[in-house]
Number of protein chains: 2
Amino acid sequence: MSSVTEKKTRMPSDERRELVLAAATTVFGDTGYAGTTTDAVARASGVSQPYVVRMFGTKEQLFLEVLHRALDKLDTAFRAAIAGDPEVGIERRLGLAYFELTADRGILLCLMHAFALGADPVIGTAARCGFMDVYRLLRDESGMSGQQAADFLAGGMLANVVLGLRLFDDYDTEPAVQELLGTVFPEKLDIIRRSHPPLTPSGPSRTAAPGR
Amino acid sequence: MSSVTEKKTRMPSDERRELVLAAATTVFGDTGYAGTTTDAVARASGVSQPYVVRMFGTKEQLFLEVLHRALDKLDTAFRAAIAGDPEVGIERRLGLAYFELTADRGILLCLMHAFALGADPVIGTAARCGFMDVYRLLRDESGMSGQQAADFLAGGMLANVVLGLRLFDDYDTEPAVQELLGTVFPEKLDIIRRSHPPLTPSGPSRTAAPGR
DNA sequence: CGTCGTTGTAATCATCCGATTACCTATTCG
DNA sequence: CGAATAGGTAATCGGATGATTACAACGACG
């Protein structure tokens, strides 16, 4: 079995940690917090299940790190947009920043899953704080009014739902889906579409790793 | 132990079934599909765990029934709003209908959970169909344009997130929360607030039932 | 009354899954 | 080199959980 990426030398642990976090983001995004097993994260990362647990201590803490990472990326993207070219309207700048985030489904889907778990004492608290931080960022540093910020957030939430529902999978067969997606993503629709290929029954094959 | 609702006579099974569905809606809303156990649903319903399974066959089928019930209530409420007083603008009529639905957190939260599970072959399919049915209803039978319908949906999604996050719990302590909620729920804010009391650490005590 | 379908439960099973333990291997440092 | 530390896995455990089975209580009907 000669994989192309076969390595004799060991990967630095920081790098491996980030790799696991990225894989965990994808898996948690697809199956939610309670619905994903640490083993699934391990397989998606190419490491063993006990190692995932030992790296993060707990599945809950792993999810919290995934959540913080996602919120960080959102924060970074929005701040860059706010500091961007003032010739372009702020809403469009933010919208384009959001579009770039959709390239990684997991980031936005993990946020949605967290936003639906407000009743959880730990995850809910973190999610509330993160959400309000985003709102405050939009309202206080983008020059938007509270109403504008809320409207922008609302559009983002609809976009998240569209991603979570995998509506793109029905784009070709459902006219109403085409119309809706056209208004939710008025720009770059074809690009987003290409980065969200339909889910084949067997799933888009990632690198296979032996089971538990 | 003389409970007030102590009954000698047996409850009709249709009624009991609806009771279990309502309880399941609340529990699934709080902890999501994968995160809730059939035992939790049973305890919230006051019946035994095996009975819940036997009534619905499978946890998955139970959730599907909960989902359909929620979509039905949404459909019914929106159709009533569409047929309502034309003196009032359609958006306000629909908004008020949505407000009434918030009285039962579970309905909207179950929808959100389902909307985030698009990758699930069974639940995802049902969720996509239900969501698009709602969109088509708004676009085709309310007189709204596709853009209006999408905007209304976006506002609804933000409202759902606000409910899922339990932002009302922080209303008194966070000024930004007050401002945001004021713009998300421009009407009846105090009424919604009263129907969404903060979650005490031990949880708002429902009727206790013996564990498994 | 007796029997039969319906409504419901207690006990239990088989599986899954997060976590722990014990162990192995690479790398660093004296 | 040789010991020590960090990176990593195989094996396994214990509890949770969805589902099944066997059985009990109720109620209608002859």
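I started with helix α5 of chain A and looked up its buried residues: Ile90(A), Arg93(A), Leu94(A), Ala97(A), Tyr98(A), Phe99(A) and Leu101(A). Note to self: this is a predicted model. The helix covers residues 90-101, and I get 17 Å from its first C-alpha to its last, close to the expected 16 Å. What covers those buried residues? I find α4, α6, α7, α8 and α10 of chain A among the elements that do.

Next I went to the largest nonpolar core, which has 145 residues. Which members touch the most others? They are Phe78 and Phe131, in chain A and in chain B. I then checked Phe78(B) and skipped its neighbours within four places in sequence. Its contacts include Leu94(B), Ala97(B), Tyr98(B) and Phe152(B), and Val134(B), Leu137(B) and Leu138(B) are on the list too.

Then I looked at α1 of chain B, residues 13-31, which reaches 26 Å against an expected 27 Å. Among its buried residues I noted Val20(B), Leu21(B), Val27(B) and Phe28(B). The buried residues of this helix pack against α2, α3, α4 and α6 of chain B. Just after the helix, Gly32(B) has a positive phi of about 80°.

Last, I turned to where the chains meet. I count 41 residues of chain A in contact with 40 of chain B. The two chains bury about 3,400 Å² between them, with 70% of it on carbon and sulfur atoms. How many salt bridges cross the interface? There are 6. I looked up the one between Arg128(B) and Asp170(A), at 3.7 Å from N to O. On chain A's side, α8(A) gives the largest share, 11 residues.

Conventions. Residues numbered from 1 in each chain as written. Chains lettered and ligands numbered in written order. Predicted model: local features only at pLDDT ≥ 70, side-chain atom pairs only at ≥ 80, totals over all residues. Heavy atoms only, no water. Core = buried A, V, L, I, M, F, W, Y, C linked by side-chain atoms within 4.5 Å. Buried < 20%, exposed > 50% of the residue type's maximum accessible area, 1.4 Å probe, protein only. Contact = heavy atoms within 4.5 Å. Helix = DSSP H or I, 4+ residues; strand = E, 2+ residues; numbered from the N terminus. Expected span 1.5 Å × (residues − 1). Buried area = accessible area lost by both parts, 1.4 Å probe. Salt bridge = Lys/Arg side-chain N within 4 Å of Asp/Glu carboxyl O.
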